[in-house]
Amino acid sequence: MPDWTKKNFDDLRDVSPRDAQMQWRFAREALRSPELGVSRFTYDPGARMPWGHRHRVQEEAYVVVAGSGCAKLDDEVVELSVWDVLRVAPAVVRSFEAGPEGLDVICIGGRKPKGGDTERFEDFWD
């Protein structure tokens, strides 16, 4: 097996919630990487992630590759535009909302602990 893997996000299955106005494509397994999680989140114009989440140990970086929008980070809202890079510490609750032209974000995270480390917060935007 080679020491590299190439995949196209468009070839990965969309695993977003049913009836969501977004697409989620996770590449960790497709890339066979025990160290890196790489995901693509594509939001329709005006779409909002309906909940927030945080991690116990995983730090994440989000790169806006198209569109614009905002991230809610605990109680602060940060505007995002193309090529912004946003680093989020594990304990920060985060969620995203697309602007009028949509939002396309690549997320990079570290090693996923056994059993996962994600905690979800319903109604985070309220």
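In the predicted model, R111 is partly exposed, its relative accessible area being 48%, a value that falls between the 20% under which a residue counts as buried and the 50% over which a residue counts as exposed. The position of R111 is in the loop that runs between strand 7 and strand 8. Leaving aside residues up to four places away in sequence, the contacts of R111 are with R28, P34, E35 and Q58. With respect to R40, which is 71 residues away from R111 along the chain, the separation between the two C-alpha atoms is 17 Å.

The fold in which this loop is set comprises 1 helix and 8 strands, and the order of these elements, read from the N terminus, is β-α-β-β-β-β-β-β-β. The radius of gyration is 14 Å, close to the 14 Å that the globule rule gives for 126 residues, so the protein is as compact as a globular protein of that length. The C-alpha trace, taken along its principal axes, spans about 45 × 30 × 30 Å. Of the contacts that link residues at least 6 apart in sequence, 67% join residues that are at least 24 apart. Buried residues account for 44% of the 126 residues, while the accessible surface of the protein amounts to about 7800 Å², with 50% of that surface belonging to carbon and sulfur atoms.

The largest pocket of the model has a volume of about 830 Å³, and its lining consists of 32 residues, among which F26, S39, F41, E60 and K112 lie nearest the centre of the pocket. Two or more lining residues are given by each of strand 1 (22-26), helix 1 (28-31), strand 2 (37-43), strand 3 (51-55), strand 4 (60-73), strand 7 (94-109) and strand 8 (118-122). The largest share of this lining comes from strand 7, which supplies 7 residues. Sorted by class, the lining of the largest pocket is made up of 16 nonpolar residues, together with 8 polar and 8 charged residues. Both charged and nonpolar side chains are found among the residues nearest the centre of the pocket, including E60 and K112 on the one hand and F26 and F41 on the other.

Technical notes:
Residues numbered from 1 in each chain as written. Predicted model: local features only at pLDDT ≥ 70, side-chain atom pairs only at ≥ 80, totals over all residues. Heavy atoms only, no water. 1 Å grid on protein atoms, 1.4 Å probe; cavity = no way out; pocket = protein on both sides within 12 Å on 5 of 7 lines; lining within 4 Å. Points joined across faces, edges and corners; volume = space filled by probe spheres on them. Helix = DSSP H or I, 4+ residues; strand = E, 2+ residues; numbered from the N terminus. Rg over C-alpha atoms; globule rule 2.2 N^0.38 Å. Buried < 20%, exposed > 50% of the residue type's maximum accessible area, 1.4 Å probe, protein only. Contact = heavy atoms within 4.5 Å. Areas by Shrake-Rupley, 256 points an atom, 1.4 Å probe, with all protein chains shown as cover.
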